[in-house]
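User: I'd like to go through this model and ask how each label is earned. Could you set the values against the cut-offs as we go?

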Amino acid sequence: MDSTPLNRYPGRVADVGGVPVLRALPNRARRMVGAWCFLDHAGPSHFDEGPGMQVGPHPHTCLQTFTWMIEGEVLHRDSLGSEQPIRPGQVNLMTAGKGIAHSEESLGKPDFHAVQLWIALPKDQRFIPPRFQHYPVLPQFSRQGLQMTVLAGEWEGQRAPTEVHSPLVAVDLEASQPTSAPLALRTDFEYGVLCLYGDLQVNGQTAPANELIYLPEGGSMVDVQCGANSRFILLGGEPYEGGVLIWWNFVGQSQEEIEGFLANWNQGIGFGEPVASPLPPLTAPTLDGVQLRQR
């Protein structure tokens, strides 16, 4: 077992539409894992009162939003006219490309638990036409005491149907009983591991739920040890050359691009038709002289 100290990146707590989240990416010291440039572990939350998650119409550019639902039910609406509930075990994948807007609203279920991610589009594809796709069925199988769901890319000979544009992978792994398993890795990928709940060790070292564990390129194997009723997510991909700029809900390649996206949203252009949501659109924060740096 590898005793090299793990690369640990503590997340920070944020609030998204009334739901507490652990924001694991971007991190000041670790901006991306492959093309994955954003990782929120949202919940688990229980709403005794109130409407639950309510996120009004807001824009995205040059990325894909990727929602993996664990508990609850959320209605997605977007400026393409899509209106799609997402339920546990399903993925919503929205390709922003040159620009899209969407809203997210809980549908009355008292519990909410999800992983919400962004994928930076390849630089030569960042302005592709926007698109929305819903995936109700994903590859699931049991191996080495773990229930595995392939969310993106290929894992253990199983390929997810989710349409992505970069070499990457995402897997949800769950253990109902204590288990220990070696997991094979691609040496040309870097990886991130985030415990969602329960007890997890990576290479014999504790991996708490508030820290992203980063595994650099070159490794061919990682050992995981799970307590009963534990769950974690594994992300990986080829390193994204040059990084990206992120401001609010925008991904771009230059300060000028981001400033242009902000101006378009404020002027109501470039993001399709108004989203058919009862919630008011979100107001974009201004840059106010901030000089963005690559993530």
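**Cavity and pocket**

Analyst: Happy to! Among the 14 residues lining the largest cavity, T67, H76, N92, E104 and Q116 are those nearest its centre. Please keep in mind that this is a predicted model.

User: What makes this space a cavity, and how many cavities of 30 Å³ or more are there?

Analyst: A space is called a cavity because a 1.4 Å probe fits there but cannot get out. The structure holds one of 30 Å³ or more, and the volume of the largest cavity is about 100 Å³. Strand 6, strand 7 (74-78), strand 9 (91-95), strand 10 and strand 11 each give at least two residues to its lining.

User: And what is the volume of the largest pocket?

Analyst: About 630 Å³. Its lining has 27 residues, with R23, F38, W118, W248 and N249 closest to the centre. Strand 2 (12-16), strand 4 (36-46) and strand 25 are among the elements that supply two or more residues to that lining. A pocket is an open set of points, so the word differs from cavity, where the probe cannot get out.

**Helix 1**

User: How do you know whether helix 1 has the span expected for its number of residues?

Analyst: Helix 1 covers residues 255-267, 13 in number, and its first and last C-alpha atoms are 18 Å apart, close to the 18 Å expected at 1.5 Å a residue.

User: Why say that its buried residues line one face?

Analyst: The buried residues are Q255, E257, I258, F261, L262 and W265. Viewed down the axis of helix 1, they fall within an arc of 165 degrees, so they line one face of the helix. Exposed residues E256 and Q267 sit on the face turned away from the buried side. The cover over the buried residues includes strand 5 (54-60), strand 10 (100-106), strand 25 (245-247) and strand 26 (250-252).

**Buried or exposed**

User: Why is E211 called buried?

Analyst: Its relative accessible area is 15%, and buried means under 20%, so E211 qualifies. E211 is in strand 22 (residues 211-215), and a polar contact of 2.8 Å links its side chain with that of R8. That pair passes because a polar contact needs N or O atoms within 3.5 Å.

User: And F132, buried or exposed?

Analyst: F132, in strand 12 (residues 131-135), has 16% relative accessibility and counts as buried. Beyond residues up to four places away in sequence, F132 touches H76, D78, L80, S82, Q84, N92, L93 and M94.

**Backbone**

User: What makes N229 and W248 worth a look?

Analyst: Most residues other than glycine have a negative phi. N229 is not a glycine, yet its phi is positive, about 55 degrees; the phi of W248, also positive in a residue other than glycine, is near 55 degrees. N229 lies in the loop between strand 23 (221-226) and strand 24 (230-237), and W248 in the loop between strand 25 and strand 26. With 54% relative accessibility N229 counts as exposed, because exposed means over 50%. W248, at 22%, counts as partly exposed.

User: Which peptide bonds are cis, and what are their omega values?

Analyst: One is the bond from L25 to P26, with omega near -5 degrees; another joins G43 and P44, with omega about 0 degrees. P26 is in the loop between strand 3 (19-25) and strand 4, while P44 is within strand 4.

Key. Residues numbered from 1 in each chain as written. Predicted model: local features only at pLDDT ≥ 70, side-chain atom pairs only at ≥ 80, totals over all residues. Heavy atoms only, no water. Helix = DSSP H or I, 4+ residues; strand = E, 2+ residues; numbered from the N terminus. Expected span 1.5 Å × (residues − 1). Buried < 20%, exposed > 50% of the residue type's maximum accessible area, 1.4 Å probe, protein only. Arc of directions from axis to C-beta. Contact = heavy atoms within 4.5 Å. Polar contact = N/O pair within 3.5 Å; in protein donor to acceptor, adjacent residues only side chain to side chain. 1 Å grid on protein atoms, 1.4 Å probe; cavity = no way out; pocket = protein on both sides within 12 Å on 5 of 7 lines; lining within 4 Å. Points joined across faces, edges and corners; volume = space filled by probe spheres on them.
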